[in-house]
Amino acid sequence: MKAYLFNGPDEMIFKEVRDPRIISSTDAIIKVSHSAICGMDIKIRKGFLPEVCPGTILGHEFSGTVMETGSSVRKFKSGDAVAVSPITSCGYCENCRNGKNEKCINGGWLLGYSIDGCQAEYVRVPFADRSLTSIPSGVSLKDAVLAGDIGASGYQAALNAKIKEGDSVVVTGSGPAATMAMMCARTFRPSILIAVDSVPERLEKIHSYGIADAAVDMLNADPVNEVMRLLGGKKADSVIEATGLNSNFKKALELSKDDGSISVLSIYSDPLIFSATEIKNRWLTLNTRRIGANAVSKVLELMGDRTIDTAFLFSGTGTLDGLEEGYMMTARKDAGFFKWICDHEGR
Ligand SMILES: [Zn+2]
Ligand SMILES: [Zn+2]
């Protein structure tokens with residue numbers, strides 16, 4: 001099959017490799033239909049995750065069709081259309097048995113990291129019964145491409161924000177995962193949803209598509225003053241921090257009311273520095289769960305009834321042999337760019 005491989009820092013190759021095969025009875029082989037490029041793929045490509053071995057096929061955001069299953073896979077069969085969670089879980093370790101699937105000691109993030117990922121024609125997915133989710137009718141394979149990763153983490157971030165009907169919600173960030181978190185937060189019926197970031201082109205799109213009720217450009221206005229103006233002098237009931245920047249984490253604390261909930265969606269490259277005393281004195285709650293067990297199926301359900309539609313996040317598309325362009329576009333972070341989608345069956 002054709003695949004796109006990491007060959008060491010700043011070096012990717014597109015070449016013919018051996019098709020994946022079932023190794024464990026819990027595996028499934030998936031024919032990839034659509035995939036997306038993640039910020040983590042860019043980090044691996046740049047060599048920032050030195051534990052990723054040269055020769056690894058990258059990619060963990062995808063949808064596809066089941067081709068073959070191992071002898072103990074019960075829930076899926078050849079021909080099933082599936083969304084895939086990048087976080088695999090075995091189902092039998094202590095953490096899995098206690099519902100902490102994303103802390104699985106046998107699984108976790110493997111695809112496109114410690115084993116071959118989806119930027120190829122086919123991919124082997126471990127623990128298929130728990131890693132795959134059937135795509136409901138009315139949702140296409142293309143629609144479902146973002147469900148497993150940013151969809152599920154966006155939904156979990158909205159859950160973590162503990163939003164009650166009528167609450168005010170602020171999301172710091174305007175990237176793909178932040179936008180997904182906003183769409184999911186909306187399903188909890190907040191009275192107002194405000195996006196705060198410093199990328200005006202993205203903020204403008206988010207606002208014009210009605211994803212957020214208001215957008216605050218931090219480069220043009222003090223976000224705390226502006227949010228308080230929009231909320232009639234109050235601070236937000238819930239804040240979702242989705243930029244991964246230390247400075248914005250501090251801003252998220254400032255934007256939250258006392259006893260508010262702060263949902264931490266991002267992964268931070270630098271150590272996060274904040275005052276534990278402030279958290280305690282202000283009764284703030286930080287919630288950090290990454291992707292809960294049912295998040296992928298919930299997102300697919302919301303896609304099925306058109307509560308969320310991710311089409312506007314598809315900023316560029318291409319085929320597998322054109323992934324290099326996708327990587328360039330994603331790394332360049334052009335104004336208003338969200339996601340590169342690869343159509344693996346396209347010509
Ligand atoms: Zn990802
Ligand atoms: Zn486990």
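## Aromatic pairs, a zinc site and a two-domain chain

Ring pairs join Y209, F312 and F338 into a cluster, and the structure as a whole holds seven aromatic pairs. The model is predicted, and its chain is divided into domain 1, made of residues 2-134 together with 310-343, and domain 2, which runs over 152-287. A zinc ion (ligand 1) is held by protein donors that include a cysteine, C38, and a histidine, H60.

**Aromatic pairs**

- Among the seven aromatic pairs is that of Y4 and Y327, whose ring centres lie 5.4 Å apart with the planes at 35°, so this pair counts as tilted.
- The pair of Y4 and Y327 links distant parts of the chain, since Y4 belongs to strand 1 (residues 2-6) and Y327 to helix 11 (residues 323-332), with the two positions 323 residues apart in the numbering.
- Both Y4 and Y327 are buried.
- In the pair formed by W109 and Y113, the ring centres are 4.3 Å apart and the planes stand at 15°, so the pair is stacked, because planes under 30 degrees apart count as such.
- W109 is buried, with a relative accessible area of 16%, whereas Y113, at 21%, is partly exposed; the two fall into separate classes because buried means under 20% relative accessible area.

**Zinc site**

- The protein donors of the zinc ion (ligand 1) are C38 through SG, H60 through NE2, E61 through OE and D149 through OD, and they lie 1.9 to 2.4 Å from the ion.
- Along the chain, the donors of the zinc ion (ligand 1) follow the spacing C-x21-H-E-x87-D, and of these donors H60 and E61 are both buried.
- The angles among the four donor atoms of the zinc ion (ligand 1) run from 82 to 159°, and the site is irregular; it does not count as tetrahedral because that would require all angles to lie between 85 and 135 degrees.

**Domains and their contact**

- The centres of domain 1 and domain 2, taken over C-alpha atoms, are separated by 29 Å, and the contact takes nine residues from domain 1 and 13 residues from domain 2.
- Between domain 1 and domain 2 an area of about 980 Å² is buried, and carbon and sulfur atoms give 75% of that area.
- On the domain 1 side, the residues that lose the most area to domain 2 are F312, G336 and F338, which together account for 54% of what that side buries.
- Two of these residues, F312 and F338, also belong to the ring cluster with Y209.

Definitions and conventions: Residues numbered from 1 in each chain as written. Chains lettered and ligands numbered in written order. Predicted model: local features only at pLDDT ≥ 70, side-chain atom pairs only at ≥ 80, totals over all residues. Heavy atoms only, no water. Phe/Tyr/Trp six-rings, centres within 6.5 Å; stacked < 30°, edge-to-face > 60°. Helix = DSSP H or I, 4+ residues; strand = E, 2+ residues; numbered from the N terminus. Buried < 20%, exposed > 50% of the residue type's maximum accessible area, 1.4 Å probe, protein only. Donors = N, O, S within 2.8 Å, 3.2 Å for Na, K, Ca; no water. Tetrahedral: all angles 85-135°; square planar, octahedral: opposite > 155°, others 65-115°. Domains from an automatic or database assignment. Contact = heavy atoms within 4.5 Å. Buried area = accessible area lost by both parts, 1.4 Å probe.
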